[in-house]
Amino acid sequence: MAPLRRSKRLKAKATSTSEVDRFYTREKKPRDREPPSRLPSAADRDLDLQLVMSGILSDDSKLQLDSTTQLLNLVSVEDNPNPMIDQVVQLGAVPRFVEFLKRDDYPQLQFKAILVLKNIAAANTQVVINSGAVPVFVKLLESSSHDLQTCEQVAWSLGNIAGESFSCCDVVLNCGALRPLLVKTCYYHNA
């Protein structure tokens with residue numbers, strides 16, 4: 001890109017080079033700028049989280065799925081610059097998602113729970129371990145009823161946990177994750 005050419009008249013009027021530079025680097029006027037998008041305030045996000053949590057704790061399966069999907073957006077690091085993982089953990093939601101992992105009758109809810117726990121494990125591994133999620137993840141891997149996408153997400157979750165520290169890796173291995181991981185890897189690789 002060619003540098004901006006300054007007019008001779010402007011140079012003659014300017015008492016210093018800084019005035020010329022200010023002219024060419026002036027800020028856009030408010031009418032020239034795009035309006036700022038409204039970011040939700042902390043109070044809005046907390047209110048959203050409370051509403052989502054009430055749906056997760058309900059007995060209505062459809063509401064549980066919808067609320068889990070909304071919560072996934074709140075804890076996802078990829079979609080959100082300020083994920084609300086700590087707030088979700090403080091509300092005690094992790095054991096509820098471990099319950100959802102056991103819902104073989106509702107695979108969509110099970111899959112969303114895997115994704116939520118995967119995101120939480122990436123930030124707060126110990127909470128996921130203490131909730132008893134690791135043995136349930138291993139059982140999901142051992143099951144023959146799950147598709148490749150589900151197995152990938154379970155493996156990724158276990159990887160997030162095992163990668164945290166040697167002691168976390170020992171927890172994953174002591175729950176028997178290695179064998180089903182190898183079996184699934186061989187099965188999907190040869191398929």
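What percentage of the contacts in the protein between residues at least 6 apart in sequence join residues at least 24 apart? The share is 61%.

## Overall architecture

This report concerns a predicted model. The protein contains twelve helices and zero strands. Its pattern, read along the sequence, is accordingly written α-α-α-α-α-α-α-α-α-α-α-α.

The protein has 191 residues, of which 36% count as buried. Its accessible surface amounts to about 12,400 Å², and carbon and sulfur atoms account for 54% of that area.

## Helix α6

Helix α6 spans residues 94-101 and is mostly covered. Six of its eight residues are buried. These buried residues of α6 are Val94, Arg96, Phe97, Val98, Phe100 and Leu101. One of them, Arg96, appears again below as a contact of Ser58.

## Ser58 and the loop between α3 and α4

Ser58 is located in the loop that runs between α3 (42-56) and α4 (61-75). Its relative accessibility is 16%, and Ser58 therefore counts as buried, since the cut-off for that class is under 20%.

The side chain of Ser58 reaches the backbone nitrogen of Asp60 at 3.4 Å. When residues up to four places away in sequence are not counted, Ser58 touches Leu63, Gln64 and Arg96. Of these contacts, Arg96 is one of the buried residues of α6.

## Gln126 in helix α8

Gln126 belongs to helix α8, which covers residues 125-130. Gln126 counts as partly exposed because its relative accessibility is 41%; this class lies between the limits of 20% and 50%.

Along the chain, Gln126 and Ile161 are 35 residues apart. In the model, a separation of 8.2 Å lies between their C-alpha atoms.

## Leu173 and a nonpolar surface patch

Leu173 is placed in helix α11, comprising residues 166-174. With a relative accessibility of 42%, Leu173 is likewise classed as partly exposed.

Leu173 also takes part in a nonpolar patch on the surface. Together with Leu178 and Leu182, Leu173 makes up this patch, which has an area of about 280 Å².

## Summary of the residues described

The three residues examined individually may be set side by side:

- Ser58, in the loop between α3 and α4, is buried at 16% relative accessibility.
- Gln126, in helix α8, is partly exposed at 41% relative accessibility.
- Leu173, in helix α11, is partly exposed at 42% relative accessibility.

Note on methods:
Residues numbered from 1 in each chain as written. Predicted model: local features only at pLDDT ≥ 70, side-chain atom pairs only at ≥ 80, totals over all residues. Heavy atoms only, no water. Helix = DSSP H or I, 4+ residues; strand = E, 2+ residues; numbered from the N terminus. Buried < 20%, exposed > 50% of the residue type's maximum accessible area, 1.4 Å probe, protein only. Patch = residues over 30% accessible without salt bridge, like charges linked within 9 Å, V, L, I, M, F, W, Y side chains within 5 Å. Areas by Shrake-Rupley, 256 points an atom, 1.4 Å probe, with all protein chains shown as cover. Salt bridge = Lys/Arg side-chain N within 4 Å of Asp/Glu carboxyl O. Polar contact = N/O pair within 3.5 Å; in protein donor to acceptor, adjacent residues only side chain to side chain. Contact = heavy atoms within 4.5 Å.
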